[in-house]
Amino acid sequence: MKRSKFLVSLAMALALAGLATCSASAQQTSKHPNAIALTGLTGVKDDAKGTLTVESGSLHFTHAKKTSDLSVASIEDVVTGEDTQASVGKTVSTLSMAAPYGSGRFLALFRSKFDTLTLRYRDENGALHGVIFALPAGGAEPIKKELLAQGAHASVVEEQAVASPVPANSSSKEQKQ
Amino acid sequence: MKRYSHAIFCLAVVALGFAARPSSAQPVKTKASAIQVEMIRSDEIKLPAEFQISLYENLVRQLEKQGGFEHVYRDGDRRAADAPDLVVLHSTVRGFKAGSERARHVTTVAGATSVTIHCEFKNADGKLLLEKDVNGKVRFFGDNLRATYDFAKKTARVAHDNFNSSEHKS
């Protein structure tokens with residue numbers, strides 16, 4: 001009887017340990033699709049669309065079957081911000097300008113919000129680089145948290161971001177344009 | 001009458017001589033084979049982080065494209081220490097007005113974004129070689145960060161006009 005109790009408790013402990021390990025590994029890897037590398041990412045053209053992944057101490061940007069990697073430890077600063085962009089495409093927006101009586105400009109009133117994620121890092125020669133990503137609204141803060149958890153540094157509210165996690169859809173930002 | 005025509009002819013010859021002379025008004029370019037770009041400073045004026053990074057990245061890119069230097073080093077690059085005739089570019093934000101892309105698009109006269117930056121070109125010993133205020137603007141179309149591209153292009157032009165890796169007049 002004692003032995004069976006021991007076995008059950010052992011099995012439960014192992015199951016719990018397994019669950020904890022799974023959740024830990026799930027936290028280490030997270031994918032953020034619909035990211036845009038606005039500028040500064042080495043080997044990537046400006047405004048390239050792709051997927052941002054924070055995984056085991058690295059930040060990966062995957063686009064068009066290519067991957068650009070960045071060591072999280074080399075990141076000196078992470079800043080989030082927000083901006084807006086036209087809801088309609090550039091071509092449609094430009095063509096609509098020809099509409100009579102300025103009616104096409106009406107389209108410019110429709111704008112959607114997006115987040116910016118700005119990183120500063122140093123390469124192996126100590127040279128400073130900057131990268132700006134655009135993400136769907138509410139997408140920058142979780143990545144910042146992941147980067148800070150994996151060893152990146154931030155000049156603004158570093159201790160707050162680590163100590164009190166901010167909800168993913170939070171609109172509070174350090175910077176506003 | 002003949003005397004007048006002779007005088008006019010002489011004047012014309014002198015004028016032609018002046019016109020044909022190589023322009024000595026153009027500044028002599030300072031020899032500089034490499035430039036190091038320091039991070040944009042904005043101590044007094046609060047500048048959004050993405051603007052600061054965009055200014056820096058565009059500046060490095062434009063100097064590589066049209067600055068006329070053999071090497072463009074970034075802030076903190078250890079290799080710059082060995083570069084001969086190194087020029088260091090210090091940039092400080094003096095003015096920033098965040099415009100509105102929506103206002104630009106709707107009105108075409110309002111909503112301009114502008115940034116004014118004081119640029120100092122110094123040699124490796126810290127001696128000032130050139131200083132200039134450069135303005136970046138986006139007026140009609142484009143997102144706000146485009147002002148940083150405008151600034152970078154103008155600064156690279158200033159560098160190109162005043163520094164040369166082979167020390168000759170152009």
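Helices here are DSSP runs of at least four residues, numbered from the N terminus. The close-ups below all come from a predicted model.

**View 1. Two helices of chain B pack against each other.** Meet α2(B), residues 49–66, and α4(B), residues 146–162. Their axes lie 8 Å apart and meet at an angle of about 40°. That angle makes α2(B) oblique to α4(B). The crossing of the two helices is right-handed.

**View 2. A look at the residues between α2(B) and α4(B).** From α2(B), the contact includes B:Phe51, B:Leu55, B:Leu59 and B:Leu63. From α4(B), the partners include B:Tyr149, B:Phe151, B:Ala152, B:Ala156 and B:Ala159. Sorted by class, this contact has 9 nonpolar, 7 polar and 3 charged residues.

**View 3. The largest nonpolar core, with B:Ile35 as a guide.** This core has 65 residues. Those with the most contacts inside it are A:Phe133 and A:Leu147 from chain A, with B:Ile35, B:Val37, B:Leu63 and B:Val87 from chain B. Helix α2(B) supplies the largest share of the core, 8 residues. Zoom in on B:Ile35 and you will find that it touches B:Leu63, B:Gly67, B:Phe69, B:Val72, B:Val87, B:Leu89 and B:Ala159, leaving aside residues up to four places away in sequence.

**View 4. Helix α3 of chain A is mostly covered.** This helix spans residues 140–149, and 7 of its 10 residues are buried. The buried ones are A:Ala140, A:Glu141, A:Pro142, A:Ile143, A:Lys144, A:Glu146 and A:Leu147. Follow the chain just past α3(A) to reach A:Gly151, which takes a positive phi of about 115°.

Methods:
Residues are numbered from 1 along each chain as its sequence is written. Chains are lettered from A and ligands numbered from 1 in the order in which they are written. This is a predicted model: local features need pLDDT of at least 70, side-chain atom pairs count only at pLDDT 80 or more; totals for chains, interfaces and linings use all residues. Axes are lines fitted to C-alpha atoms, for helices over the stretch in contact, and angles run from 0 to 180 degrees between N-to-C directions. Angles under 35 degrees count as roughly parallel, over 145 as roughly antiparallel, 65 to 115 as roughly perpendicular and the rest as oblique. A crossing is left-handed if the near helix is turned anticlockwise from the far one by less than a right angle, and right-handed if clockwise. Two residues are in contact if their C-beta atoms, placed from the backbone, lie within 7 Å. Ala, Val, Leu, Ile, Met, Phe, Trp, Tyr, Cys and Pro count as nonpolar, Asp, Glu, Lys and Arg as charged, and the others, Gly among them, as polar. A nonpolar core is a set of buried Ala, Val, Leu, Ile, Met, Phe, Trp, Tyr and Cys residues joined through C-beta atoms within 7 Å. A residue is buried if 20 or more other C-beta atoms lie within 10 Å of its own, exposed if 12 or fewer, and partly exposed in between; C-beta atoms are placed from the backbone.
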